[in-house]
Amino acid sequence: MRSADFWSLPLRRPRIGLALGSGAARGWAHVGVIQALEEEGIAIDVVSGTSAGAFIGAFYAADEMEGLLKFSEQVTRFHHNLRFMDFTLDGRGILEGERFIRLMGRHLKARSFTDLRKPLGITATDLVEMTEVHITQGALLPAVRASVAVPGMVKPLEWEGRRLVDGGVLSPVPVNLARSLGADIVIAVDITTFPPRNMDNVLNVMYRTIDTMMNRIQVMNRHIDKPEVVIQPDLDEVSFFDNHLSHLAIERGYQAARAVMPQIKSLLGSSLAEAFKKASAQIRTDSLGRLLSRFPVLRK
């Protein structure tokens, strides 16, 4: 191999996608994961997010994490959740969902997907068609609003003739969306947790039934599109509305990401080695082709 050929190897660093899962207040763990990845210099190329993951992902893709941390400082007590709640008698949900998005907009400057520093994909669920919806362009805040619309709690969003709710209904951790954005390697952050429940009342029985369905969806999705790395923080202590425990969730996310860092680095190293191997093979093939073109007799 000539030195000129060596330096012209078509090497490409594998594109890394970060798939941020749904989980309400447990979503603050995503911040700790991002902090750990940045400390180690792991460059994320594309981001996908569902529900809480869409919320965090919007700030991250916009490179506005400072604004996100300022947002978290507004909820240091459980009752501070009331700041986000705009109750309604609409009948399709108990919350409008607009107050939360307005507060988000005060801390996030980006208004469109074109304002972002990284490609971002957001998942929602179309209740009419019963399909998963991927939003990758247009207005940013309405996309997040759709993805966080927990059925029965937050009103569905009427968007382009669709009735959209929480993306976690069909895609709790949007690995497939990260792939469609061009990721070769997907780091999935799964913040779902199913702590034991006492089956002593109808509400807990209903909650456990939902847990069971969500768990099965997760298992099936991972079987269909398995991520290369899964980060799963220990968040049993953080419940749906525990935004005041953001610091705990962030720390748990950070610890979980640090624990799998050797796996991530090993994976990136082997991916680069494989890229070098393929590029070297292509150089040899091209060199042989040039040789045969110069000496036609060698083709016989």
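Me: Helices are DSSP runs of H or I with at least four residues, and strands are E runs of at least two. Where does that put lysine 109?

Reply: In a loop. This is a predicted model, and lysine 109 falls between α5 (98-107) and β3 (120-126). In the chain as a whole there are 10 helices and eight strands.

Me: Is lysine 109 called buried or exposed, and what makes it so?

Reply: Exposed, because its relative accessible area is 73% and the cut-off for that word is over 50%. As for its surroundings, the C-alpha atom of lysine 109 is 8.7 Å from that of glycine 67, which is 42 residues away along the chain.

Me: What about threonine 123: buried or exposed, and why?

Reply: Buried: threonine 123 has 0% relative accessibility, and anything under 20% counts as buried. Threonine 123 is part of strand β3. Beyond its neighbours within four places in sequence, its contacts include Gly49, Thr50, His134, Ser147 and Leu177.

Me: Why is strand β7 described as largely enclosed?

Reply: Five of the five residues of β7 (185-189) are buried, so the rest of the structure largely encloses this strand. Both faces are covered, with Ile185, Ile187 and Val189 buried on one side, and Val186 and Ala188 buried on the other.

Me: How do you know that β7 pairs with β1 (residues 16-20)?

Reply: Count the bridges. Pairing takes at least two of them by DSSP, and β1 and β7 are joined by five, running parallel. One example is leucine 18, whose bridge partner in β7 is isoleucine 187.

Me: And what makes β7 and β8 (residues 229-231) a pair?

Reply: Three bridges join them, again with the strands parallel, against the required minimum of two. Isoleucine 187 turns up here as well, with valine 229 as its bridge partner in β8.

Me: Which elements make up the β-α-β unit, and what is its hand?

Reply: The unit consists of β7, α8 and β8, and it is right-handed. That word applies because, with the strands pointing away from you, the path from the first strand over the helix to the second runs clockwise.

Me: Helix α8 also holds leucine 203. Why does leucine 203 get its accessibility label?

Reply: Leucine 203 is at 42% relative accessibility, so the label is partly exposed. That value sits between the 20% and 50% limits.

Me: What makes Val202, Leu203, Met206, Tyr207, Ile210 and Met213 a patch?

Reply: Membership needs over 30% relative accessible area and no salt bridge, with nonpolar side chains joined within 5 Å. Leucine 203, at 42%, is above that area limit. Together the six form a nonpolar surface patch of about 580 Å². For the whole chain, the exposed area is about 15600 Å², of which carbon and sulfur atoms supply 56%.

Me: One more residue, alanine 257: buried or exposed, and how do you know?

Reply: Buried, because 0% relative accessible area is under the 20% limit. Alanine 257 belongs to helix α9 (residues 246-259). Leaving out residues up to four places away in sequence, alanine 257 touches Val33, Ala36 and Ile231. Its C-alpha atom is 8.3 Å from that of glutamine 232, 25 residues off along the chain.

Me: How much of the chain counts as buried?

Reply: Of its 300 residues, 48% do. As for contacts between residues at least 6 apart in sequence, 74% join residues at least 24 apart.

Definitions and conventions. Residues numbered from 1 in each chain as written. Predicted model: local features only at pLDDT ≥ 70, side-chain atom pairs only at ≥ 80, totals over all residues. Heavy atoms only, no water. Patch = residues over 30% accessible without salt bridge, like charges linked within 9 Å, V, L, I, M, F, W, Y side chains within 5 Å. Areas by Shrake-Rupley, 256 points an atom, 1.4 Å probe, with all protein chains shown as cover. Salt bridge = Lys/Arg side-chain N within 4 Å of Asp/Glu carboxyl O. Buried < 20%, exposed > 50% of the residue type's maximum accessible area, 1.4 Å probe, protein only. Contact = heavy atoms within 4.5 Å.
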